[in-house]
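These are my notebook entries on one structure, written down in the order in which I looked things up.

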Amino acid sequence: MTQNGPEAAIGEGRLVLTRAAEDWQNRLMAIFIIGKSKCSLCGDAIASDQKRIATTHFIESPSHPLWRFSDSNMHYDCFQNWAMREDFVSLYNSTIGRIRWGNGTRHEMAIDGEVRSVPAA
Ligand SMILES: [Zn+2]
């Protein structure tokens, strides 16, 4: 086998996969700019000293009622009082929360919105 044979093609395939994984990881959290980013629940800016909840884009369909919250920042306190909180957490855990990451963990969202890395089953 030479470097120009099938091995090289497989190597290239791996490289593409690695890049895709990095892109995905870079998009994991919604963009957040201190004092500029607004809470998707109340519409007010989120200050640097305010605890917040942020997720990646994990709801594909724009017609889903929770879609606009899936790549957004929310005040932690607003999130606790949100009527759709349990549905949001459940949806997160049944979609992105099931992904097993390369280090053998998955991301689990607690009922208060905090996301933790836990060992994947
Ligand atoms: Zn808010």
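Entry, Leu-91. I looked up Leu-91 in this predicted model and found the residue in helix 3. I then asked whether Leu-91 is buried, exposed or partly exposed. I noted 19 other C-beta atoms within 10 Å, and because a buried residue needs 20 or more, Leu-91 is entered as partly exposed. Leaving aside the neighbours within four places in sequence, I found Leu-91 in contact with Ile-59 and Leu-66. For Leu-66 I also noted the spacing: Leu-91 and Leu-66 are 25 residues apart in sequence, and their C-alpha atoms are 9.3 Å apart in space.

Entry, helix 3. Which residues of helix 3 are buried? I listed Phe-88, Val-89 and Tyr-92, and I noted that these residues lie on the same side of helix 3, because they cover an arc of only 95 degrees around the axis. As background I wrote down that an α-helix has 3.6 residues a turn, so residues three or four places apart point the same way. Turning to the other side of helix 3, I found Glu-86, Asp-87 and Ser-94 exposed. I also looked up what the buried residues of helix 3 pack against, and the entry is strand 3.

Entry, Ser-94. Ser-94 is found in helix 3, which covers residues 85-94. Why does Ser-94 count as exposed? I noted 10 C-beta neighbours inside 10 Å, and because 12 or fewer is the cut-off for exposed, Ser-94 falls in that class. I also recorded that Ser-94 and Glu-108 are 14 residues apart in sequence, with a C-alpha to C-alpha distance of 9.4 Å.

Entry, strands 3 and 4. I looked up how strand 3 (residues 105-109) is joined to strand 4 (residues 115-119), and I found 5 bridges, with the two strands running antiparallel. Going through the pairing, I noted Ser-117 in strand 4 as the bridge partner of His-107, and Val-115 in strand 4 as the residue that stands opposite Met-109. The two strands form a hairpin with 5 residues between them, and in the turn I marked Gly-113, which has a positive phi of about 95 degrees.

Entry, two further exposed residues. I looked up Lys-51 in the loop between helix 1 and strand 1 (52-54), and I entered Lys-51 as exposed because the residue has 12 C-beta neighbours inside 10 Å. Lys-51 and Tyr-76 are 25 residues apart in sequence, yet I noted that they are 5.3 Å apart in space, C-alpha to C-alpha. Ala-121 I found in the segment after strand 4, and with 6 other C-beta atoms within 10 Å it is also exposed. I recorded Ala-121 and Arg-98 as 23 residues apart in sequence and 9.6 Å apart in space, C-alpha to C-alpha.

Entry, the whole chain. I noted 3 helices and 4 strands in the protein, and from the N terminus on I wrote their order as α-β-β-α-α-β-β. Buried residues make up 18% of the 121 residues. Among the contacts with a separation of 6 or more, I found that 42% are between residues 24 or more positions apart.

Entry, confidence. Where is the confidence lowest, and where is it highest? I found the lowest mean, 42, in helix 1 (residues 6-26), and the highest, 98, in helix 2 (residues 76-80). The protein averages a pLDDT of 80, and 74% of the residues score at least 70. Over residues 1-23 I noted that pLDDT stays under 50, and that the model has 2 contacts beyond four places in sequence for this stretch. I added a caution for my own reading: where pLDDT is low, the predicted coordinates should not be read in detail.

Terms used
Residues are numbered from 1 along each chain as its sequence is written. This is a predicted model: local features need pLDDT of at least 70, side-chain atom pairs count only at pLDDT 80 or more; totals for chains, interfaces and linings use all residues. pLDDT is the predictor's confidence in each residue, from 0 to 100. Two residues are in contact if their C-beta atoms, placed from the backbone, lie within 7 Å. Two strands pair if DSSP finds at least two bridges between them. The arc is that of the directions from the helix axis to the C-beta atoms.
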